[in-house]
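Dear colleague,

Here is the structure I said I would pass on. My notes on it follow below.

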Amino acid sequence: MEQSNLKMTPKVSVVIPVYNVELYVEQCLRSVMNQTLADIEIICIEDAGNDSSADIIKRLMREDSRISLYLSEKNMGLASVRNRGIEKARGEYIYFLDSDDMIREDALGSLYEMAENESLDVCIFAADFIYETEELRKKFQSNPATYKGSYPEVLSGKQLYKEWMKVWDWMPSQPRYFYRSEFLKGKGIRFIDGMLHEDESFAFDVLMNADRVKVSDEAFFIRRFRPASIMSSGPSMKNVESCIEILDHVSEYRDTCHEDKELCDAIDFYVQKLTRDTVRKYRSVKASGKSTVVSDTLLKSARKSELLEKVEKRSHLELYACSSYYHVLIALAKAMTQGIEIDLVLEEHGVETAAELAERLMKVVPDAVNQVFVVPTDVDVDPYEQKETAGDEELAEKLEKYVEASLGISEGKADNNDQKWYERYDAVNVFWDLGYIGTYLNIKEFSYILHEDSLDSYKCIRENRPNYTYIFDKEKREEHKGVIPFGYSPCCKIVEVNDKNGIQIPSDKVRECRRDDLMKSLTDEQKSRILRAFLAGDLEVRDGAVLILTEPFAVTGRLPDKDSQVRLYRKLIEEYGKERQILIKAHPRDDLNYSEYFPEAVVIEKNMPMEVLNFDERVNFDIAVTVTSSVIRGLKYADKKKYLGTEYLDLFR
């Protein structure tokens, strides 16, 4: 059924899909009726809603003969309605407006003039936003209304797409596009029927086909965020399936554009972003308890099924609380080899360059790292010093607030629901029970996985951790009021070690994961990305170089003072570094300024895990020397290794 008053050929056809918007449709239509450009047609397609929207439109038709109304017998969805609007449009240009939004009074006239003067296929422009609730403002305030970059010139669609991807200025929302009808109809560009997020694939097709595009900073479009809109609705598998449809559509095009590497790279970047968004949608569906079953139509496509499998795997999210960058390396390797995503928490020592590391991680390994949190150390909450944390209510409350503030959590809750923040993870991993996160989890009595914090460290607890020998005595453990570390806490469900043989922790909790095998399981491409994440530049190592691995002996009290530690390393340099290039890699907790005491040496950034140099075949040392650092066992780039042992310390006490 259709009703139309318009007889003349218009300059612009405004296509307005209508579905249950009785509160907004009149305001929307009047913003179009009041345009300074009068020569337009207004095509309203009512998509079988159940409110009074159609009646409101009919009333307005009596005021304005430019309005046409088409009634759908059954609900078709936004994509199909817009496609029908393209078929009905008779104007020189086509503009899509949603029925709960508005346009500025001079919008169509300005856009028509711009397109005509510059012979454009497409005009794209900025927006203003209206938020109906403060909650919606907080939820969608990151949606950009304007552009990061400036695009004053007329570009091809592909050129604009490449520029947008450099700064992530991607704006697919269709009410921000103004089309020449001849271009849109001639290229056969249509929305994918039955799909949500239909703007994404449509805008992609537009830019891949348009010869002349211009972007305006003018906010001609006024977007309304309201509680009942599609964007504001909760997660569903329909959202996930639609995103997979877009991924498939874009990836298929990507396979045809090998001649333009810059365009291929831009599309790859978009695919990464879209995949991450799809993973988050799938994860939200899981968290809501809704079904994750997909349609048979999607499963019939091998390509889409493969994409779904990848999304399902990455929807598994784990937290890794790291107190050194070596821990970050292990967490990255596990995430990349398992195909899952992780949140990283950098806590305690070794976070001086956390901001730079976090930025590189998000840029280089976005398929593995979901987000990075930094727990600062310049505060008076220190679980290391407070051995009775779990038994001290005042300190426990202080620690809880501190951790939650560091993670951006409000009152311990995640996503404004009753779920605790740590419950959103499929697993929580720590490398040290008495760190901030480990202590917090013990206070909350939430289970976690404990990982060996360095190669085979659990084999020498009695020797190197004298303050914690009480853990081996059942009576002393029961008397202890605070967190019991090293896997003896009842909250610790699994202890993952490099080698199960000879360890002294509860054997029923132990799981073996050999670090050497873990690193070997990484592909060359994964190793290259990890190396780029940790190293800002190249490390030049000359032939015959010696590597000295330090430890924080003065900090831990194993040597009486810094002077003793300086004497120890001066002795090592004299003995092993004559006529050699000397490189010193300090332990993350070592606070000695080696550049000051040994200016002849190259001091490697102490937070960098030395193991990543195994990923660079150009790096090799003639000899590596340490007193007791277990890191030396895992080095692949040293022809000789010298492990001196604890008795060497006696010479400097």
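**Aromatic pairs, charges and exposure**

Tyr-440 has a relative accessible area of 0% and is therefore buried. Please keep in mind throughout that this is a predicted model.

Tyr-440 has an aromatic partner in Tyr-422: the ring centres are 6.1 Å apart and the planes stand at 70°, so the pair is edge-to-face. Tyr-440 belongs to helix α16 (residues 436-444), while Tyr-422 sits in the loop between α15 (393-406) and β13 (427-430), so the contact ties together parts that are 18 residues apart in sequence. Tyr-422 is buried too, because its relative accessible area is 5%, and buried means under 20%.

The count of aromatic pairs in the model comes to 37. Another of them joins Trp-164 and Trp-170, with 6.1 Å from centre to centre and 75° between the planes, which is an edge-to-face arrangement. Trp-164 is at 0% relative accessibility and so counts as buried; Trp-170, at 7%, counts as buried as well. Both tryptophans are members of one aromatic cluster. Also in that cluster are Tyr-147, Tyr-151, Tyr-161, Trp-168, Phe-204, Tyr-253, Phe-269 and Tyr-270.

Turning to charged side chains, the structure holds 40 salt bridges. One is between Asp-101 and Arg-223, at 4.0 Å from N to O. Asp-101 lies in the loop between β5 (93-96) and β6 (102-103) and Arg-223 lies in strand β9 (residues 213-225), so this bridge ties together parts that are 122 residues apart in sequence. Are the two residues buried or exposed? Asp-101 is buried, and Arg-223 is buried as well.

A further salt bridge is formed by Arg-254 and Asp-268, whose closest N and O atoms are 2.8 Å apart. Here the partners come from two helices, Arg-254 from α9 (residues 237-254) and Asp-268 from α10 (residues 261-288), so the pair ties together parts that are 14 residues apart in sequence. Asp-268 has a relative accessible area of 29% and is therefore partly exposed.

Lys-640 and Asp-622 also meet through their side chains in a salt bridge, at 3.7 Å from N to O. This one links two strands, with Lys-640 in β21 (residues 638-643) and Asp-622 in β20 (residues 621-626), 18 residues apart. Lys-640 is partly exposed because its relative accessible area is 43%.

There is also a network of salt bridges, which links Lys-162, Glu-163, Lys-166, Asp-260 and Glu-262.

On the surface, Asp-473, Glu-475, Glu-478 and Glu-479 form a negative patch. Asp-473 is in the loop between α17 (461-464) and α18 (474-479). With 31% relative accessibility, Asp-473 counts as partly exposed. That value matters for the patch, because patch residues need over 30% relative accessible area and no salt bridge.

One last residue is Ala-355, in helix α14 (residues 354-364). Its relative accessible area is 59%, so Ala-355 is exposed. Between the C-alpha atoms of Ala-355 and Cys-123 there are 38 Å, and the two residues are 232 apart along the chain.

Regards

How values were computed: Residues are numbered from 1 along each chain as its sequence is written. This is a predicted model: local features need pLDDT of at least 70, side-chain atom pairs count only at pLDDT 80 or more; totals for chains, interfaces and linings use all residues. Side-chain values use heavy atoms; hydrogens and water are left out. Patches are made of residues with over 30% relative accessible area and no salt bridge: like charges are joined within 9 Å, nonpolar side chains (Val, Leu, Ile, Met, Phe, Trp, Tyr) within 5 Å. Accessible areas come from the Shrake-Rupley method with a 1.4 Å probe; for residues, only the protein chains shown count as cover. Lys and Arg count as positive and Asp and Glu as negative; His and the chain ends are not counted. The place of a charge is taken as NZ of Lys, CZ of Arg, CG of Asp or CD of Glu. Helices (H or I, at least four residues) and strands (E, at least two) are DSSP runs, numbered from the N terminus. Buried means under 20% relative accessible area, exposed over 50%, partly exposed in between (1.4 Å probe, protein chains only). Rings of Phe, Tyr and Trp (its six-membered ring) pair if their centres lie within 6.5 Å; planes under 30 degrees apart count as stacked, over 60 as edge-to-face and the rest as tilted.
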